[in-house]
Amino acid sequence: MAKSKAGLLQGTLDMLILKALFLGPLHGYGIGQRIAQISGDELKIEEGSLYPGLYRLERRGWIESEWDVSDNNQRAKFYKLTRAGRKQLIIEEQNWERLAGATMKALRAN
Amino acid sequence: MSRAKATVRFLHAWQHPDEIADEVEAELRFHVQMRTHANIEDGMTPDEAQLAAKQSFGDFDRIKISCCEIRRGLPFDMKPLKMGLYIAIACLAGGFALVAVNLPHHNLFGVLWQLAAIAVLMCAFLVGRRKQ
């Protein structure tokens with residue numbers, strides 16, 4: 001049976017960005033690639049939608065950015081997780097686990 | 001990012017909107033370029049690769065505007081500021097009321113003070129009520 005790629009639920013993109021950056025600093029394109037990689041290519045993100053999310057997270061102080069040179073010698077903006085971002089990721093993961101558990105419980109109810 | 005640093009960034013964004021727009025555009029273009037290269041490596045022709053990269057990116061201009069707006073947004077939560085404003089209005093209204101009560105009421109000045117106090121109290125009440 002062919003598996004369809006899942007669209008992102010509202011609010012999960014922020015958590016995925018934080019998770020991608022937990023593994024190390026990345027530019028926007030790299031973040032998209034890493035999300036695809038860690039989700040086993042199951043999550044489909046409209047690539048451009050990543051950027052408003054990145055700017056929102058930066059404004060909240062959960063990530064910070066600086067311009068640097070990428071692997072192919074081009075200037076790129078790299079993002080990294082702040083201490084507040086790490087704390088937020090833990091909170092988001094706990095909330096997500098609770099929500100997913102509750103949903104599964106509801107779906108399995110007779 | 002500290003609050004001071006966030007405030008400096010916010011002020012910088014307001015002082016130099018063109019610089020911010022250029023920065024956002026450079027970042028988004030970098031993404032499209034990277035995707036184009038990846039598509040070429042996957043066997044597409046350069047034209048096909050660029051077209052596919054633009055399509056998978058989405059509406060470039062809309063995303064750019066959205067990023068610029070977020071970048072120029074306030075770097076802190078407005079709720080405490082609003083709460084402080086309501087408290088200030090309430091204190092002001094209380095002060096007006098105290099002064100008005102202690103003024104003699106037989107002259108025009110005293111009556112005007114009382115009316116002003118009532119007006120401020122009503123404003124405070126309406127503002128507070130609207131936000132609940």
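In this predicted model, α3(A) lies across β4 and β5 of chain A, and runs at about 120° to β4(A). The sheet underneath is an open one of three strands, ordered β2-β5-β4 in chain A, with antiparallel pairing. β2 (26-27) and β4 (63-69) of chain A are the edge strands, each with a single partner, so one side of each has no neighbour in the sheet. Look at the β2(A) end: two bridges tie β2(A) to β5(A), and the two strands run antiparallel. One residue to pick out there is A:His27, whose bridge partner in β5(A) is A:Phe78.

Now back to the helices. α2(A) packs against α3(A) at an angle of about 105°, with the axes 10 Å apart. That angle falls in the 65 to 115 degree range, so α2(A) counts as roughly perpendicular to α3(A). On the α2(A) side the contact uses A:Gly28, A:Ile31 and A:Gly32, and on the α3(A) side A:Leu50, A:Tyr51 and A:Leu54. Sorted by class, the contact of α2(A) with α3(A) has four nonpolar residues, two polar ones and no charged ones.

α2(A) also packs against α1(A), at about 95° and with the axes 9 Å apart. This pair, α1(A) and α2(A), is therefore roughly perpendicular too. Here α1(A) brings A:Leu16, A:Ile17, A:Lys19, A:Ala20 and A:Leu21, which meet A:Ile31, A:Arg34, A:Ile35 and A:Ile38 of α2(A). The class tally for the contact of α1(A) with α2(A) is seven nonpolar, no polar and two charged. Notice that A:Ile31 turns up in the contact with α3(A) and again in the one with α1(A).

That brings us to the core. The largest nonpolar core has 23 residues, and those touching the most other members are A:Ile17, A:Ala20, A:Leu21, A:Ile31, A:Tyr51, A:Leu54 and A:Ile63. Who supplies it? In chain A, α1 (12-22), α2 (28-38), α3 (50-59) and β5 (75-81) each give at least two residues, and so do α2 (17-41) and α4 (60-71) of chain B. The largest share, six residues, comes from α1(A). A:Leu54 is a handy residue to follow through all this: setting aside neighbours within four places in sequence, A:Leu54 is in contact with A:Ile17, A:Gly28, A:Ile63 and A:Tyr79.

With chain B contributing to the core, it's worth looking at where the chains meet. The contact takes 17 residues from chain A and 20 residues from chain B. On the chain B side, the elements giving two or more residues are α2, α3 (46-57) and α4 of that chain. By class, this side of chain B has eleven nonpolar, five polar and four charged residues.

Finally, two spots in the loops of chain A. A:Asp41 isn't a glycine, yet has a positive phi of about 65°. A:Asp41 sits in the loop between α2 and β3 (43-44) of chain A. With 11 other C-beta atoms within 10 Å, A:Asp41 is exposed, because the cut-off for exposed is 12 or fewer. A:Asn73 also has a positive phi, about 60°, without being a glycine. Its place is the loop between β4 and β5 of chain A. A:Asn73 has 7 C-beta neighbours inside 10 Å, so A:Asn73 counts as exposed.

Note on methods. Residues are numbered from 1 along each chain as its sequence is written. Chains are lettered from A and ligands numbered from 1 in the order in which they are written. This is a predicted model: local features need pLDDT of at least 70, side-chain atom pairs count only at pLDDT 80 or more; totals for chains, interfaces and linings use all residues. A nonpolar core is a set of buried Ala, Val, Leu, Ile, Met, Phe, Trp, Tyr and Cys residues joined through C-beta atoms within 7 Å. A residue is buried if 20 or more other C-beta atoms lie within 10 Å of its own, exposed if 12 or fewer, and partly exposed in between; C-beta atoms are placed from the backbone. Helices (H or I, at least four residues) and strands (E, at least two) are DSSP runs, numbered from the N terminus. Two residues are in contact if their C-beta atoms, placed from the backbone, lie within 7 Å. Ala, Val, Leu, Ile, Met, Phe, Trp, Tyr, Cys and Pro count as nonpolar, Asp, Glu, Lys and Arg as charged, and the others, Gly among them, as polar. Axes are lines fitted to C-alpha atoms, for helices over the stretch in contact, and angles run from 0 to 180 degrees between N-to-C directions. Angles under 35 degrees count as roughly parallel, over 145 as roughly antiparallel, 65 to 115 as roughly perpendicular and the rest as oblique. Two strands pair if DSSP finds at least two bridges between them.
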